[in-house]
Every structure is written in structure tokens, then in C-alpha cells.
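The following briefing is meant to be read alongside the sequence and the coordinates. Its topics are the individual chains, the contact between them, and one pair of packed helices.

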Amino acid sequence: MKQLYSKALRSLIGAALCLFSFVASAQNVTVKGQVTEAANGLSIPGVNISVKGTQVGTTTDLDGNYSIEVPKGQFLVFSFVGFENQEFKVNESRTLNVKMKEEASVLNEIVVVGYGSSTKKEITGAAAKVDGAELKKLNVSRVDAALQGQVSGVTINTNSGSPGGSSSIRIRGLSTFGDNDPLILVDGIVYDSEGLNALNPADIESVNVLKDGTAGIYGVRAANGVIIIETKKGKLNSKPTIEFSGFYGVQSTARQLNLLNATEYAVVKNNAFLNGGQQQPFANTALGEGTDWQSAVFQNAPIESYNISINGGNAKTRYSIGGSYYNQDGIVGGNKANFRRYNARFNVSFDMDERFTLNSVLLYTNEGRSALAENGIGSVLYNTINAYPTEPIRQDNGRYSYLELVNDIINPLAQMENTYNRSNVNKFVGKEELVFTINEDFTLTNRFNYNVALVDGKTFSPLTWYGPGKAQNTAANEDLDAPQVEIADSVFLERGASVYENRDTYVDLTYEGFLNYSHTFSQVHKVKSTLGVSVFNRSGNGLNATAFNIPNNSVDFADISANQADGGFLNNAGSFEFEERLLSSFLRAEYSYRNRYMFSAIVRRDGSSKFGANNRWGIFPAFSGAWVFSDEVFWEGLNLDWVDFGKLRASYGISGNDQIPNFAYLPLLNGEGVYVIDDIITSGVAIGRGANPDLKWETTHQFNIGLDFNFLKDFNFTFNYFIKNTNDLLFQPDVSAVLGTYGAGGFPPYVNAGDVSNRGMEFEIGYHSNPQNNWVFNANANITTITNEVVRVPDGVDFIPGAGFGVGGVVATRFEVGQPIGYYIGYETDGIYQTQAEIDNAPVSQAGAQVGDLRFVDQNGDGVINFSDDSDKVKIGSPIPDFTIGFNFNVRYKNFDVSGNIYAALGQEIIRNYERQQPYANQLSYVLNRWTGAGSTDVYPRVTTGATRNNVFSDYYVEDGSFLRLRNIQIGYTLPEKWLKNARVESLRIYLSANNLYTLTNYRGYDPDIGNFGGVLAAGVDYGFYPQAQTIMGGFNLKF
Amino acid sequence: MKASKLTLVLFAFLISLSSCEKYLEVDPAYSLGADNYFNTEQDYELALIGAYDLLQGSYITQWVGEIASDNSIAGGESVTDTEGLHQIDEMTHDGVNNELRSVMRFNYAGVSRCNYIMENKDKTDFDGKEIILGETRFLRAYYYFELVRYFGGVPLVIDRSIGSEEVTTIDRASRGEVYAQIESDLQYAVNNLPWNQPIKGRVDKGAALSMLGKVYLFQNKFSQAATVLDRVINEGGYSLLPNYEDLWYAANEDNAETVFDVEYSNLEGGSYDCLICLEGNAAAGFNGIRQYEGPVYADGNSYNLPTAKLYNSFDVNDPRRDLSVLNLDSFINLQPDPGSISYATGGGGHTGYYNNKYIKRQSELGLPDDDLTSPLNYKVIRYADVLLMAAEAHNRNNNDPQALTYVNLVRDRVGMPPLSSSGTTLTQEIWRERNLELSGEGHRFFDLVRTGEAANEIDGFQSGKHELFPIPQVEIDLSGGAWSQNPGY
């Protein structure tokens, strides 16, 4: 019907125009010709050609040809989106070939919005774009790490600084309890956050972030925002360009903690034992510096990467092919914490005929990663911090020392040496896309995506002896004898070194078909529409096994095939298989009038196999509009010449989140019902996770109002205010014990309960000087402020407990109404008890308090510090920053360029949780300031080995986590062309670059940029975080 | 033309959508649905193993029964290490206590696994089903008994499962109602279980009768207690092991004195994240000597440390003193090379004594983490306990001669002279004998409360309050706030 109308309308208009032109002038001249791109000579179809000041006009055909009758002496105006307008006066019939120049303005930058594209000028939602070149500059392995500070509203925290470690990406705050990762699409193909390891940042053309409700075109998975990554494509009719680039760098730790040296340690420990009423362990405290465990554990580690790519095209084909190698060792563990990636990429577009275009994308990646135990009790850095300096690294006989005075803390160097943990991923990601240009208004796109990952992992556990009583021992004794295991009465088996291997396959298959319509009626009414379907299938299966008695206790034989386990008795195997599906249809309709008023509506219907039949389908609408007020007549009357462009935007949309395990709606017998019957561990059955048949997706309602403002030619400014309310949060809150779900392998059911609100503001300001100048200066800054608040928790639940503090300790973080997600709760301190009289006369009684102890605040005013309930606990911090700030700049003068990237996060706190409260564990040097007598300090409590409440979770263990970091600074020099001419080199740039050169912070730990290693509620808890390295690199970009 | 083509395409989209609803029906791969089970005898057997699993939460009772009493202190790495035990030790425990919450969670998980079987008991018939149901009801009785002696009257859910909506409509039952249910379940078990189960670890008639006797004793139903315990003694074929020391080694388990053990294995590793997931007994490693290096014993976490009061309550000639309580320094001094032996003390307290029954020994190591995977069974009821319970029941039921016979069997085994008193003096002596025989086994606190002696023996114990533990506040909230808290909390 629409088509019929449009035909009718067009013929009507055409008829009217004919009439008009006939009446208007008897002195018409005919002008015809071809319109081409100035840059490459390609014809441009659809260029608007109009007689200035009239409605008379035409457009170029598919080959860029046109013909128009013009009254003599009038001006012809050639206009096309993304190109500068051109005007010609015509006095006679002639051929007029026009070359269109691309418009420099950022307004015409293409923004990918999902199943289509738009321009910065036209877009109605809150979206941001980052150029691939900006990301490549940082020379990091993962695109998420490079995105930090680039886009307002997108908060990125490093989950681990180890090579291949992931980041947590949060678009507009934490909105849910479980998975907060945005939907990540690379060339339309779904990647999970872990899978980003496969992508080489140098291959990226652009990153587009959909932040508001308009992301709803992606429906049930869009609630956390959408990141659309486009990889590099070739260009038609361009000769091949070969680019070769690479860098080599050296990484080191940016910081070591101030730990006690041997002398300080002996003094402090003597004091602690004395206070604990025990004998002082060190008769002589002049022990010198002792062992510096950190210096032994941290090392300088290489990082290197080389890329080659060839881009180009002829009249019908565009291609971009490339390959890369990336290798990074860890600053802790060296090649035991390695990430290595090879990839090959083949992107080609082929115009099969005038109407069919085939776009093909293929990415192959081979990635290997070795990892050490990280960020927890028992991690290498946790052990490093707590190992005491009076112990040498090795004994005289060469063996690693045992650190026998501390429980569970093992020699970190022995630990690294005995860790063999390598995973290897082969990944094939691709897309075959057929675009059918039905006519000038309609295109039909059919595409098939695949993402296949073959994951192989191998962990070798040799027989090791870390010292008597260490829980990590796998050997029976110092001689590395295998322990004997009694498998039946008096039947003993040797349990030697073991190897665990897994082979997992994950396959994502997607079919998407969509029809795009675009037409401008009467040159002022622009209508665009997208209608499509998407079918998604994710499946996976895996096999894993452990085999014992690996010969010679050697990694050389670490393969299941080599096992010598007696009768295979101890060996065991496991497997899994899953499948999940999504079925979706979507419609987007856009209308704009004179590119001044724009309106867009989206509706998506999604069906997800995650939910039961009763709640499988969801409908997600979104509406947005924009007003380019700077194009209004009244605006011109205001004489604000310095304003080039101004647009007001608003959007509202609903999107969903279905990120929960499969079959949470069904009761399954997948719990752990295991008991020892007849001395044999016997498996029975038990219900696992409680079922909730009424489960449905969580919904996020987003409102956004924004302002885009370009002024003084070179400046642009964007402001957004948003309210993002997430309702019916999917999570597993505690349920009553009476339901019986807390057995082994049992979990409470997933429910839809709880609401979270995020509201915030985003500011971006950019300056781009004319690229033709000798001096080129570009800079942009962005500031984000987000207020996160839990609005509702399930009935009967006061809060959801989060991460614990210390060993066997209390819950330190919570999800609680009126507070930000994962805020910290504990005791507030109020100085130190200086004298016994002060304790005796204190209005508040604090059980067990002695002079030199922390004085806690009686929050509920009952005159007692209550240690056995929560009545005196109070909010003492939050992991969520008040502000995050990004600043990027680059300056070019002739052949020199300098660029930098600064990121700051302000107002968040970090829990210092890497100190083991054991008598002999080493400590940070702040304990040198400990209380030693009345008046000595009002901050640092006494040390003691005796019972003390100084180590309950209080604000004493919470530190300001604010930081400002110079993430990257780079100086480059492009060699003058005349030097290169003879070498057939088009350009060569060499550079020096440094990452994490400087961090301004008061935080005592390794790295204040700390994500959430163990889930949302573990954010900000530092167990001895693997820090991001400081890296000095040299590199080159060579173009042929 | 174009328009008609497009219309066709659009229709194709719409059709593909409406016809594909089935596409979203994905069945779980190789997983059993809980709603479609109990079709064979094997299904019942497997579900029963799932119901047994929760017995392994007994490590908490081994701790709490001692730490709450005068027998031991909490210990550990610091006073914030498993803080709930420190609060119980000091009688400052209140509505926020992870250990007490675990007691509630584990035992209700056990109840619900039993109810899952009972709910489906009529679905399939086969020979010997009454034995499976007997075991099931025994287990449910055990779990409810744990709940009632920790918390008093608790909500009763019988033969069905409930959802989180319904739970807010169920109030706490009275203590009497819970006991009535326990007695009824145990009576069924007594009637249907054989005297001897061929398979080690499965409960039998003797266990059910002994459990019933214990339940009667906790309600001061002395005559009924005496009757059922006499049956155990006369018909059960149990006897005391000649050597008291032999009781405490995994190698000697399943002996003539075993009435009801919770079975553990050291063959599965584990982590601190989920102590109920362990197949090993966590108590032994936790009770072990911190960073110990020397003969016999292995390293542990120095929890649950006996007090000097307990150690000194033994007659110096009573072999049970040093077999129950390890006086570490004197043990070390008796070794060939004391100077080479070392250990550490934790910030959670130190008494110099260790639980010598449930402790980590070199001969009983487990897979990593060894601290968590002891093969030592937890002895819920052993024959000596049956004799002492019977003695108490007869004494309180005015049959002192029978009482003396039983208690003196226990004393005779360890070479202690027989008792000869009567009446309340004998009552006191039997109570005392219970702790000499059973200290360190998790009975003390519950015995002191049962006999009304707690306030005399436990520092900080307030009568009228501390007889029961508080219901975890969060459980009250999750029940919709309707449950009343126990008195005094």
C-alpha cells in the first residue's frame, strides 16, 4: 500500500512540476551530465539537483546521470548527504559533469544504529562513535580496554591486568544484579565480552555505542546498551594499499606496595606478640632489608604486535584482508601469564550485478592464554603481599622456602613455577550477507552469521610440596611422593600428578533478514523504515577429564593419553551440552521533515528459549525525536552566528535482559545428592536450583534528553540527561530456608524482583581544527556522573549479601534499597582509645576494647557497640564513582604528532582485603605508625596477636579509590615523502608510546582501576589485584 | 509489480514468525525433570541418597554442641573468623549468625528432600519400598530434631513442597507439634526398618529406636525412653568396643558400638566456599592444630579448643581424659625430639588443648584441601550413649539398679570404678559421666539445656533465653515477618 501511495504521490508531484515548469518559462535550457565523487571518480546515484529557490528538481540515476530543464540564468544546486552543496549558473543547454566533495563536517559522520545507519545530524537517540584509529593508538590487546574514557556514559573497569584479562563494560551504570555486559556486535555478529579477545583492535573501523532506549531495536538483549563494532572494509575503485604496522614494548609494574622490610617486620611482630601476651619471636631485630618478595615476583615483560593489511577495490569489488600477531607476557608470571593471538581477516564485498551485492566477512583467530591464580585468597599477589621478609626465597639447598610460620600462604615463586594452565581457542567468525537493491527506495538484506569457538584447555597439577600443612600441597611429603588413596577397605592407590583437559565447542548461528525503505517526498519529507526478522541459535558442548599419575611428574607428559593411573580408578570425566534460541521481528519507522524535525519509532518482538511457554514473548517499543533548532528561521533571526548547529533530542524506550541460565523456569534434578554409602561416594539425585515457571525478562525503561551543539566551526558539544529504571531484576535472592533449596548443589530460584535506578548526566566537548593546517589540534573531553540506587528488593529480603571481608569473615557489600549496588557496610571508626580511663568512662561500651584499639561509633545510640547484629553498621563506601572523566587529545605539527589519553574516576572507594590477619603475615608499612602509647596516633590501632576487634570490617579498611591516570601518551614522526619516494613507500610513521605512565591516587594497593572479578557485588574488593602494566613501546606504521 | 513482490516478501516474514513458535521449545539435554520422576525403584533409591546427603551438615553440631557449652572455645584465625561461633562461645549470639543460618538451611534442605520422596511415595510400587520410606522418615525426623533443639518450634512442612509465596502463610508450629511429627516418623521407621541393613551407612531399626529414645529423653518422657532404649540394648546386638581409643580412628569405623554414624569420605577434594558440598568431615581439619609439624597429628585450623575446665574434670586415671582432650604441650614433651615439633596459635584464642576425637591425623589425610576432607564419621549415637541415655531414663524413672548397671558398663570399659549412688545424686553422676564419655562429640550444650544445668555451667548463659538459639532474623523476614523470635532475642 505504501508503495502505491508513493507512486501515486510521485506521479502527482511530477505532473505538478511539469505543469509548473511549462507555465513558468518558455526559455528553458536542458542541462545533463554525470555526478561523481571527487575523491575517486565514482558515480553517485540519488544526488538531488534543484533549481535554487524553487521546488523544481530531479535526482541522478543509478549511474549518476541526470538531465533537467532549467529556466535560463537560474542556479542549479547539487546536494547529497555527506557532500558539500555545489551551485552552477546555467545560461545555455550544456553537459555539466559535477564532482562532489565530501563534506568535512562531523555532522555527516555515519553512525551505525542497528540494521541500518544514520548520520550524526539525523540521529535521534543517544549514540556515540569512536574511530578505530583512536583505539588502535593505545596498543592494547582488547577493544574494551581501549574504550576506557573514550565515550561518556560508558564505564570500563579492568577485571584483571593480566594479559588477556577482561574488563567490565557498563553502559550507563549498573542496572542489574547479574550480567551487566552490553550486547556486543561485531559486523552484526554477537560477541560475548570474553570473546573480545579474538578481535584485534587494529582491525576496527569504528565503534558505535547505543546508550539509550533506541537500542531497543535489539530488544530482549538491549537493556545494558549495545556496542556495534565495524571492522575495516575496502573501497571501490581504489588501488591496493598495503599497511604494515607493529610495536614492541616492555611492561613493568607501575607500583609496588610499601611492605615492611625484615627489620621493621621484626619490630612490629615483637610488638604484636607482646601485646598478645606471647613471647616475642625476634631476639634480634636488626635483620636488614630481608627478602623483597615483590621485586622477585614482578618482572619486566615483553609485549609485541605486528599487523599487515591490504585494502582496495575495483569497480565491483571491495576488499580488506589482513593478518596479525600479538604476544604479551605478564609482569607477574612472565610466560605463565601470557596472551598470544594470531588472526587472519578476509572482508570482501562484491557487486554481483547491479542489484545484488554480496558482503562477506571472515575472521579466524587462534588465541592462547596462560593464567595464574588471581585476585583472591591464594592468588600469587596475595601470597606475595603476605609472605614475610625474614624468609629467603630459597633455602641454602636450593629448594623454595616454605613460609612455615603462616597458614595457607605459600611461596609465590614456587606457586608460579608449579602453575601450568593454558587454554587455546580457535575461532571462526563470519558473515555472508546478500543485499538486494530492489529499487532506489527498497533494499532487502539477508544475512547469515556464524561464530564458532573451539576451546581447548589443559591444566597440569604436578606433585608439589609448598611446606608442611599447606593446603595447596598435592604431594604427600617433601620428597614429592604421591599420596596414597584408599579406594576401598585396605585397597590403596597412588595419586600422582594430574592433568585436566577440556575440549569445548560453542556455535552461534544467526539468520537475519530485513527490508530497508528510504524515500524523500517532495524533497522535504524523508521517510525511512526497517522491517526484519532475526533467528538466533547458540549451542555448545564440551568434554573434560582429569587423569592421574602423569609420568615423571613432568609437564612434558602432561596429557591424558600419558596417564598411568592404576586401572584408571581415579580418573574422571565430565561433559555438558546446551542450546538456546531467540526469535525476533522488528520494525523501525523514521520520518524527518526538512532534516529539521525527526521522529523515530521502534518496536521489536522477541521470543527467548530462556523462559517458559507462558512468558516467552516480549514486545519492546521505543520512540525518539529530534529538533534541529539551528535550522529554524527564528534562529537565524537571533544572529547567533557562532552557533553552527544545534539539535535537541529526546527518547524513551523499553528493552529487556534475558541473561540468566537456561531452564531456570524448570525444576531439574541437577543438584548434588551425594552421600557416602559403603565407604563409596555415591551419587543420588536432588533438585538443583529452585524452579520459577513464571520467570520473564527484566525490563529497562530509559528516558533520555540530549542536546548537540556545534559552534565556532571547530567545536562540538553534547549533553545527555538520562533516567534508566530497570524493573523485575532477574536474580537469585535469598529465599526462606523452609523452601529447602540450600542443600549441596541447590540454589534459590531465579525470580523477577527488585528495581534499580540509574540517572545521570553526560557531557562531551570536542575541538577539531582544520586538518589542512600545519598545526592540527584535536581534543575531546567527556564527563559522566551517574547516581545508582537500588529501589526495590524482593519482599522479606532486607538486602542481598555480597562479598565477604577477610577470612571466614562477614559480608562487607550489599544490594540494599536506597543504596548503590554493592555499597560497603561496616563499622564507622572514631579514632583510637588512648587511655584506659577513656575506655572506662566512655558513654559507649565496646566489648573487649583495650587501649590502642579502634573506637567504633554507636550508630543506634543504645550505648553499646553491637558486634553480633547489624545495628551499629553503616554505609562506609561504594565502588561506584561519582564522576568518570575522559580526556583525549592529539596535536600534529607538520610531521610530528603527539597524542594522549587521560582517564579519571572520582569518588569511589576500595576495600583493602589483601592483608591476611595472621600473626606472622607481612604487613603494609603504615603499621609503623601504629598506636604505641597515649597520643601516638589517632588513626592506626595497636598491633596484637591476641583477640581483637580491630580487624572487624570497618572504614579503617576502606580507602579512597579515586584516581587520575595518564593511560597513553604517544609521540610520532611521519617521515617526509621525499625520503620515501624511491623506496616505493607511501608513508611511514614511527612512534614512541607509553601506557599507564602516571597515576595520581591515594589508594595504597597496586591499581585503583579495579573491576569486579567475582560479580557485581564484589566490585571494589581488592585481594591483591593483578595490576595493569606500565608499558613503554616503540612502533611503526608503514603504508605502501 | 514491485509492490506485489514486496507484499510477498512481507508475508513471508510474517508467516515465518507465526509458524516458528515451536522453534523456541528447547528441552534440557540429558537432564532429568523433577516433575517426571519416581518411575522405578532405582529412582527412589537415588532420591534417598539425595536425602541422606544433608546429614553431612553435622559438622556444625559437632562445633556448636561444644563451643556453646563449657567444653570448648571457638578459636580459629581471629575473632572475626567464623564470627558466629565466637558469638555463640561468648553467649552474645543474636539474629545475625551465619552458622545458625546454615543449621536452618541445611536441615530444611534435608526435610525437603525427604518430602520430595514422600510426596511421590505412591507413584510406583515395588517390594521393599517401606524400607526406603522408613529411612526417609528417619532422616526427616533427624532433620526436624536438629531444628527443634536449636530453635524450638519451627514451621512444619510434611509430604509436600512449598513455594516462596506459600512460605509466608506458614507459621511456626509448637515445639510439641514438631516432636509429635518426629515421633510419628521415627515410629514408622522403627516398624519398617530391619535390625541390620546390609549396607554400611544406611540407618536401621537400632538407629531408629535409639533416636526415638533420645527424642523422648529430650522431652523428659523417661518411661518411654527407657522402654525403647531397653529394646536397643536387649535386641540390637550392640556392644562397647573394648578399647576406648579404637573408637576415634576412621579405620575402625562401623564397629559393634556404632548405632548411627554420619558417613564421610576423604576421597573428594573441596573448598571453603561450600562446606555442605564436601563429602569429608570439615570438623576434623578445623579442630586440628594450627601449622603443626610433628608426629601423629596433621595441620589444622585450631577451632573448637577444649577448655582447661573440661580437661581437669577428668580423673587423672581416666584414660578418656587424654583420649578426649589433647594436651598438646605435654604430648610434645613425650615425643622423642620435642624441639623439632612446632605449631602456631590463632588470634581466635588458645587453650593448649585440642579435641582429640575429631582431629586431623597424619593417617587420615584427605584430598586437597585436606583441612576439609576428613574421612572421620560423625558419631550421632554410639552404644555408650545409648547406655547412658538408658541409665538416665531408668534413674529418672525410679529404676536405679538398672541405671547403675548401664552406667557402670560404660565406666568399666575404661577401668573406672563402678558408681553406686542413687536418686538425684546418681542423676548428677550420670550427667557427669555423659560428659566424660561423650565430650567433644557435640552433645554437651544440648545436654546441659535439656537437664537444666546450663546456667550453672556456662558463663553468660541466661535462663529463659539461651536454651534456644535465635531464629536468624533474615529467615523471619523471608517468612513475611510473621514468625515470632525466640524469647530474649
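In this predicted model, 69% of the contacts in chain A between residues at least 6 apart in sequence join residues that are at least 24 apart. For chain B, residues 24 or more positions apart likewise account for 69% of the contacts with a separation of 6 or more.

**Chain A**

- The secondary structure of chain A comprises ten helices and 54 strands, and 49% of its 1040 residues count as buried.
- Taken along the principal axes, the box filled by the C-alpha atoms of chain A is roughly 115 × 70 × 70 Å.
- A compact globule of 1040 residues would be expected to have a radius of gyration near 31 Å, and the value of 33 Å for chain A agrees with that expectation.

**Chain B**

- Chain B contains 19 helices and eight strands, and of its 489 residues 56% count as buried.
- The C-alpha trace of chain B spans about 110 × 55 × 45 Å along its principal axes.
- For 489 residues the compact-globule estimate of the radius of gyration is near 23 Å, with which the 26 Å of chain B agrees.

**Contact between the chains**

- On the side of chain B, 89 residues are in contact with 83 residues of chain A.
- The elements of chain B that give two or more residues to the side touching chain A are α1 (2–18), α2 (41–53), α4 (83–89), α5 (98–119) and α19 (473–478).
- Helix α5(B) gives the most to this side of chain B, with nine residues.
- Sorted by class, the side of chain B that touches chain A has 46 nonpolar, 21 polar and 22 charged residues.

**Packing of α3 and α17 in chain B**

- Two packed helices are described by the angle between their axes together with the distance between those axes.
- Helix α3 (residues 59–67) of chain B packs with helix α17 (residues 444–451) of chain B at an angle of about 55 degrees, and their axes are 6 Å apart.
- Because the angle is about 55 degrees, and angles from 35 up to 65 degrees fall outside the parallel, antiparallel and perpendicular ranges, α3(B) is oblique to α17(B).
- The residues that meet are B:Val64, B:Gly65 and B:Glu66 in α3(B) and B:Arg444, B:Phe445 and B:Phe446 in α17(B).
- By class, this contact of α3(B) with α17(B) has three nonpolar, one polar and two charged residues.

Technical notes:
Residues are numbered from 1 along each chain as its sequence is written. Chains are lettered from A and ligands numbered from 1 in the order in which they are written. This is a predicted model: local features need pLDDT of at least 70, side-chain atom pairs count only at pLDDT 80 or more; totals for chains, interfaces and linings use all residues. Axes are lines fitted to C-alpha atoms, for helices over the stretch in contact, and angles run from 0 to 180 degrees between N-to-C directions. Helices (H or I, at least four residues) and strands (E, at least two) are DSSP runs, numbered from the N terminus. Angles under 35 degrees count as roughly parallel, over 145 as roughly antiparallel, 65 to 115 as roughly perpendicular and the rest as oblique. Two residues are in contact if their C-beta atoms, placed from the backbone, lie within 7 Å. Ala, Val, Leu, Ile, Met, Phe, Trp, Tyr, Cys and Pro count as nonpolar, Asp, Glu, Lys and Arg as charged, and the others, Gly among them, as polar. The radius of gyration is taken over C-alpha atoms; the globule rule is 2.2 Å times the number of residues to the power 0.38. A residue is buried if 20 or more other C-beta atoms lie within 10 Å of its own, exposed if 12 or fewer, and partly exposed in between; C-beta atoms are placed from the backbone.
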